[in-house]
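Open the model in your viewer and keep the selection panel at hand. The stops below go from one residue to a pair of helices and then into a sheet.

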Amino acid sequence: MTDTTSRKSLTLLGLGDMGTALARTWLAAGHSLTVWNRTPAKAAPLAAEGAVAAPSAAAAVAANELVVTCLLDDASVRSTLDGIDLTGKDLVDLTTGTPAEARARAAWAEARGARYTDGGIMATPDMIGVPEAGGYVFYSGSQALFDAHRATLEVPAGARFVGEDPGHAALHDVALLSAMYGLFAGISHAYALTEGEDIAPKDLSPLLSEWLGAMGFFIGNAAERLTSRDFTSGVVSNLAMQVAATGTLLRTAEEQQVSAELISPYLDLMRRRLTEDPAAHGGEDTAGAILLLKQRQNTP
């Protein structure tokens, strides 16, 4: 027997690839779903699968207490919801945005009588509704809203609440994505170095996976050092030694006729950290350079 009493009805605004994936997952789980999209034709396939296609965003919002937005950007959310009565609504915004945009949107929604929770989706559309794929969504903002609708929100992907600051879901999202692109940059540089050599990419691939996996210790190590502000205890490869070795990386790139643009910024950062105070920073590991990034951001 399936318990249908917990299957809450909800509204979804936005039927791009991600929105459509979310919609189909909720429908498959037996939820009553009202959908709206600026291009009405995108709602037709979902209507055939059991969704109610609303004639307007206002009608879609009026249909349910829980309203989920998955639109192009923050400006699209504002333009879509402007002038619509949000009194008593629970608004969950899964639109990709910045922490500042999320905080502003929360204040905007609350001023209109709605509770607000922001979401950062850590998944691609094909991972939605596939638990084994490991996708999940960060949520932040109204704890009461999240608790009230958690079962519904967990249907498409895992739900991780990261605090009542509405900007923290977006901040977690962007932090993880930024780390991902940094990883992609290093991998791309490695493949470029061996391009044209008698080294098959498929042979380099397992070596990269093994090495990067072994270097994963840096994640926890950096967290501990940023917490304690101790960048020197137990250092195996100190900053001075690593900076001295960067010349080899750059010369190799030049010899292989590969641009160093993907790795140079990080190598430059290590050199700046060392140059600040060689005696103080030379014995550190590279986690200390993180502080320099923040300092540079705050420099007028």
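## Stop 1: Thr-194

Select Thr-194, which counts as buried because its relative accessible area is 14%, under the 20% cut-off. The model is a predicted one, and this residue is found in helix 7. Now show what surrounds the residue: setting aside neighbours within four places in sequence, Thr-194 is in contact with Ile-199 and Leu-204.

## Stop 2: helix 7 and helix 8

Extend the selection to helix 7 (residues 168–194) and add helix 8 (residues 201–214); their axes come within 11 Å and cross at roughly 145°. The crossing of helix 7 with helix 8 is right-handed. To see the contact, show side chains for Leu-183, Ile-187, Ala-190, Tyr-191 and Thr-194 on helix 7, and for Pro-201, Leu-204, Ser-205, Leu-208 and Leu-212 on helix 8. Colour these residues by class: eight are nonpolar, two are polar and none is charged.

## Stop 3: the sheet

Hide the side chains and switch to a cartoon view. Eight strands form an open sheet with mixed pairing, in the order 3-2-1-4-5-6-7-8. Select strand 3 (52–53) and strand 8 (158–161) to mark the edges; each of them pairs on one side only. Next add helix 5, which packs on the sheet and touches strand 5 and strand 6. The direction of helix 5 makes about 150° with that of strand 6.

## Stop 4: strand 4

Select strand 4 (residues 66–69) together with strand 5; the two run parallel and are joined by four bridges. Two of the partnerships can be picked out by residue: Leu-66 has Asp-90 as its bridge partner in strand 5, and Val-68 has Val-92. On the other pairing to show here, strand 1 (residues 10–13) and strand 4 pair in the parallel sense over three bridges. Thr-11 has Val-67 as its bridge partner in strand 4.

Which way do the side chains of strand 4 point? Leu-66 and Val-68 point one way, Val-67 and Thr-69 the other way, and all are buried. In a regular strand, side chains alternate between the two faces of the sheet.

## Stop 5: strand 5 and its crossovers

Move to strand 5 (residues 90–93) and show its side chains. Asp-90 and Val-92 lie on one side, Leu-91 and Asp-93 on the other; all are buried, and both faces of the strand are covered.

Then add helix 4 (residues 74–81): with strand 4 and strand 5 it makes a right-handed β-α-β unit. Continue along the chain, which crosses from strand 5 through helix 5 (residues 99–111) to strand 6 in another β-α-β crossover, also right-handed. Finish on strand 6 (residues 115–122), which runs parallel to strand 5 and is joined to it by four bridges. Select Asp-90 once more: its bridge partner in strand 6 is Arg-115, while its partner in strand 4 is Leu-66.

Methods:
Residues numbered from 1 in each chain as written. Predicted model: local features only at pLDDT ≥ 70, side-chain atom pairs only at ≥ 80, totals over all residues. Heavy atoms only, no water. Axes fitted to C-alpha atoms, helices over the stretch in contact; angles between N-to-C directions. Left-handed = near helix turned anticlockwise from the far one by under 90°. Contact = heavy atoms within 4.5 Å. Nonpolar A, V, L, I, M, F, W, Y, C, P; charged D, E, K, R; others polar. Buried < 20%, exposed > 50% of the residue type's maximum accessible area, 1.4 Å probe, protein only. Pairing = 2+ DSSP bridges. Right-handed = clockwise from strand over helix to strand, strands pointing away.
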